[in-house]
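Good morning, and thank you for joining this group meeting. Please look at the sequence and the structure as they come up, and keep both in view while I speak.

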Number of protein chains: 2
Amino acid sequence: MAKGTTPSLKDVAAAAGVSVTTVSRFVNGSLDLPFQTKKRIEDAIKTLNYRPNPHARRLSRGRSDTIGLVVPDIANRFFATLVAAVEQAADEKKLAVSLHATLNRPGREIEYLQLIERNHVDGLIFVTNHPDDGALAALINGSGKVIIVDEDIPDSKAPKLFCDNEQGGYLAGQHLAEQGHRHVLFIGGDERMISARRRYDGLLKALREQHGDEARADRYAGEYTIEYGRAAALDYLSGDRKATAIFASSDEIAIGLVEVFRSRGISIPGDISVIGFDDVGPLHLFAPPLTAIRQPVREIGRRSLELLLETNWHEWKPSASEELLPVEIVVRNSVAPPAK
Amino acid sequence: MAKGTTPSLKDVAAAAGVSVTTVSRFVNGSLDLPFQTKKRIEDAIKTLNYRPNPHARRLSRGRSDTIGLVVPDIANRFFATLVAAVEQAADEKKLAVSLHATLNRPGREIEYLQLIERNHVDGLIFVTNHPDDGALAALINGSGKVIIVDEDIPDSKAPKLFCDNEQGGYLAGQHLAEQGHRHVLFIGGDERMISARRRYDGLLKALREQHGDEARADRYAGEYTIEYGRAAALDYLSGDRKATAIFASSDEIAIGLVEVFRSRGISIPGDISVIGFDDVGPLHLFAPPLTAIRQPVREIGRRSLELLLETNWHEWKPSASEELLPVEIVVRNSVAPPAK
């Protein structure tokens with residue numbers, strides 16, 4: 001480095017023996033490095049008294065050092081945990097998060113998409129859980145720099161990140177089928193949504209593999225809420241009760257369901273088996289502890305921020321891509337062989 | 001109204017037989033009215049074909065039609081439910097909410113307070129749950145238009161809204177004392193925080209009223225997290241176990257506690273009684289269902305937005321005021337007389 005000049009990124013890179021890009025990404029917080037490399041860069045920065053140019057840093061990343069996050073319902077523990085994971089990951093990258101809850105209402109979603117454009121966030125992680133009539137897709141395709149998470153918005157062109165819903169349904173079906181269940185009731189979302197369609201498909205596939213033509217999966221469709229779980233339980237109880245097991249496709253639905261069964265003296269798993277989906281609430285403390293498919297919710301949050309930051313938006317051509325994160329089954333005590 | 005002119009607020013007020021202020025506040029969504037009055041105004045608006053001036057409406061309310069909300073930890077169900085309530089109330093007033101989760105870290109809190117100034121929100125609802133060293137109070141006193149909710153920030157001058165923590169502690173103590181408990185362990189937050197101090201004081205007061213000098217309340221202080229609940233349970237189990245009941249001062253602490261007791265085969269309430277605080281999680285489905293003090297969390301959310309909107313900030317002189325919302329006890333099956 002020439003004497004008397006201000007040290008540059010290049011000088012730091014040379015002193016640390018790494019590339020300029022590595023130093024640049026390390027300095028703006030978008031790169032994790034092995035401890036030794038990190039230390040070499042930090043030492044070089046200290047020795048040379050290098051000061052990152054905050055203006056340049058801001059430009060390289062966008063304008064605001066803030067990312068936007070839009071979720072439907074923050075009182076739903078799944079979304080709350082997802083938000084916490086994004087916040088945690090953003091904090092590690094020294095990014096602020098501007099968070100908006102839409103109450104799952106299209107008008108409010110559109111308002112927030114526009115608000116976020118006005119506020120100049122560097123990018124947006126968008127989560128909805130109702131079927132779109134095309135309005136959201138149009139807005140998202142127009143604005144770019146959006147990652148779609150958890151539930152698809154058909155026709156939207158964006159990087160998409162979901163849990164492996166079909167695998168989740170399959171794991172639930174397999175566990176139930178192995179215990180002898182042939183006829184299962186699926187309680188989930190609107191079937192225009194992939195979270196409902198894929199989980200149901202996975203469930204039916206597993207039941208058929210085990211029980212062939214005898215396999216049957218009924219379907220109730222509603223919202224992912226405690227209220228809907230209660231309503232679905234009452235519906236089930238007032239019907240012919242042919243299904244011997246229930247696959248409740250969210251923690252909230254499972255809570256409403258268990259509440260009603262308990263108040264009516266219906267024993268789980270004595271009278272009916274129940275398996276849940278999400279497993280972010282304290283299902284392990286329930287009476288009985290609930291068996292459930294666990295979503296990797298913290299990983300979904302972390303990965304969605306990574307996708308937003310690692311996509312080169314300047315060269316990005318609108319297209320839809322899909323990444324799936326694996327789920328697992330957590331076996332507790334709410335599934336038993338069908339009551340005789 | 002003169003023919004051919006644009007109808008004004010005054011015309012609407014005259015036709016509906018109410019004051020101009022009433023119409024104005026009704027139109028901008030900051031006033032709930034009895035059904036009949038509402039209908040009279042709505043009819044007058046329709047008949048006169050009155051159109052509110054959106055520019056004037058915006059000015060009267062501030063610049064952005066957006067309010068800011070800062071909370072510590074969105075994965076904590078209490079805060080998630082509080083946020084949902086503010087969002088719901090804001091939606092009714094046609095306000096957007098810019099939400100920020102601080103991870104309870106002072107640096108991030110300060111960053112968000114500043115970010116929110118730059119983004120020109122109309123006002124801020126601020127929730128923290130760690131002791132302040134004076135930095136937050138200074139920033140808040142400098143910016144104004146802040147409502148402090150749930151936990152105090154000493155030395156801050158702002159309207160403040162809390163649940164009645166002392167009453168909550170008292171109700172818990174009274175219930176335990178009536179069942180014969182003289183020696184109770186309080187597991188809560190840092191005692192510099194009012195949520196910890198007041199609940200403890202209320203607890204001790206009730207125990208003393210019933211049992212006089214024999215009353216004793218031990219105290220563990222930590223964070224309102226599941227992890228801390230687990231650690232506190234292990235601490236209790238490794239000690240002399242003289243307390244016959246535990247008052248766990250948040251749902252999260254109670255979850256960690258119950259988890260450890262269950263895994264160690266400690267029976268609630270057979271071996272030890274437990275009473276919780278918050279009651280926003282599904283404590284009623286636990287084995288056993290947990291008795292708890294219920295915070296009016298949706299009401300706290302609603303009322304904090306009201307306070308922000310109804311305060312006349314132009315004429316407001318910095319001062320601290322405090323409003324308390326009542327709590328209630330929800331009795332289930334986790335408290336019994338002390339084990340012999």
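In chain A, the charged end of A:Arg199 sits over the ring of A:Phe277, and the distance to the ring centre is 3.7 Å. Chain B has B:Arg199 with its charged end over the ring of B:Phe277, at 3.6 Å from the centre. I should say at once that this is a predicted model.

Let us stay with the aromatic rings. A:Phe277 belongs to one aromatic cluster together with A:Phe186, A:Tyr200 and A:Phe247. Over all chains, the count of aromatic pairs comes to 13. One of the pairs joins A:Phe186 and A:Phe247 edge-to-face, with 5.5 Å from centre to centre and 65° between the planes. Which parts of the chain does this pair link? A:Phe186 is in strand 6 of chain A, residues 183-188, and A:Phe247 is in strand 8, residues 245-248, so to speak of distant parts is apt: the two are 61 residues apart. Both A:Phe186 and A:Phe247 are buried.

In chain B, the rings of B:Phe247 and B:Phe277 form a tilted pair, 6.1 Å centre to centre and with 45° between the planes. Because B:Phe247 lies in strand 8 (residues 245-248) and B:Phe277 in strand 9 (residues 273-278) of chain B, this pair ties together parts that are 30 residues apart in sequence. B:Phe247 and B:Phe277 are both buried.

I turn now to the nonpolar cores. Which residues touch the most other members of the largest core? That core holds 130 residues, and the answer is A:Ile74 and B:Ile74. A second, separate core has 60 residues, among them A:Ile255, A:Ala292, B:Ile226 and B:Leu290. To return to B:Ile74, and leaving aside neighbours within four places in sequence, its contacts in chain A are A:Ile74, A:Ala80, A:Val83, A:Ala84 and A:Leu99. Within chain B, B:Ile74 is in contact with B:Ala80, B:Val83, B:Leu99 and B:Ala101.

Another residue to find on the screen is B:Phe79, in helix 5 of chain B, residues 77-92. Is B:Phe79 buried or exposed? Its relative accessibility is 3%, and B:Phe79 therefore counts as buried. Not counting residues up to four places away in sequence, B:Phe79 touches B:Pro72, B:Asp73, B:Val127, B:Asn129 and B:Asp150. B:Phe79 and B:Val280 are 201 residues apart in sequence, yet their C-alpha atoms are 9.6 Å apart in space.

How are the two copies related? A turn of 179° and a shift of 0.2 Å along the axis lay chain A on chain B with an RMSD of 0.6 Å. The copies are thus related as by a two-fold rotation axis. Among the residues of chain A, A:Phe286 comes closest to the rotation axis, with its C-alpha at 2.2 Å. The same surface serves both copies, since 100% of the contact residues of chain A recur in chain B.

Next, the cysteines. How many disulfides are there over all chains? The count comes to zero. A:Cys163 counts as buried because its relative accessibility is 2%, and B:Cys163 is buried as well, with a relative accessible area of 1%.

I shall close with the backbone. Most peptide bonds are trans, and most residues other than glycine have a negative phi. The following cases depart from that pattern. The peptide bond from B:Ile268 to B:Pro269 is cis, with omega near 0°, and B:Pro269 is placed in the loop between helix 11 (251-263) and strand 9 of chain B. The bond from B:Ala287 to B:Pro288 is also cis, with omega near -5°. B:Pro288 lies in the loop between strand 9 and strand 10 (291-294) of chain B.

As for phi, A:Arg241 has a positive value near 50° without being a glycine. A:Arg241 is in the loop between helix 10 (226-238) and strand 8 of chain A, and with a relative accessible area of 42% this residue is partly exposed. A:Asp278, likewise not a glycine, has a positive phi of about 120°. A:Asp278 lies in strand 9 of chain A, residues 273-278, and counts as buried at 5% relative accessibility.

Thank you for your attention.

Key. Residues are numbered from 1 along each chain as its sequence is written. Chains are lettered from A and ligands numbered from 1 in the order in which they are written. This is a predicted model: local features need pLDDT of at least 70, side-chain atom pairs count only at pLDDT 80 or more; totals for chains, interfaces and linings use all residues. Side-chain values use heavy atoms; hydrogens and water are left out. A nonpolar core is a set of buried Ala, Val, Leu, Ile, Met, Phe, Trp, Tyr and Cys residues joined through side-chain atoms within 4.5 Å. Buried means under 20% relative accessible area, exposed over 50%, partly exposed in between (1.4 Å probe, protein chains only). Contact means heavy atoms within 4.5 Å. Rings of Phe, Tyr and Trp (its six-membered ring) pair if their centres lie within 6.5 Å; planes under 30 degrees apart count as stacked, over 60 as edge-to-face and the rest as tilted. Helices (H or I, at least four residues) and strands (E, at least two) are DSSP runs, numbered from the N terminus. A charge sits over a ring if NZ of Lys or CZ of Arg is within 6 Å of the ring centre and within 35 degrees of the ring normal. Copies are superposed by least squares on the C-alpha atoms of residues with pLDDT of at least 70 in both. A disulfide is a pair of cysteine sulfur atoms within 2.5 Å.
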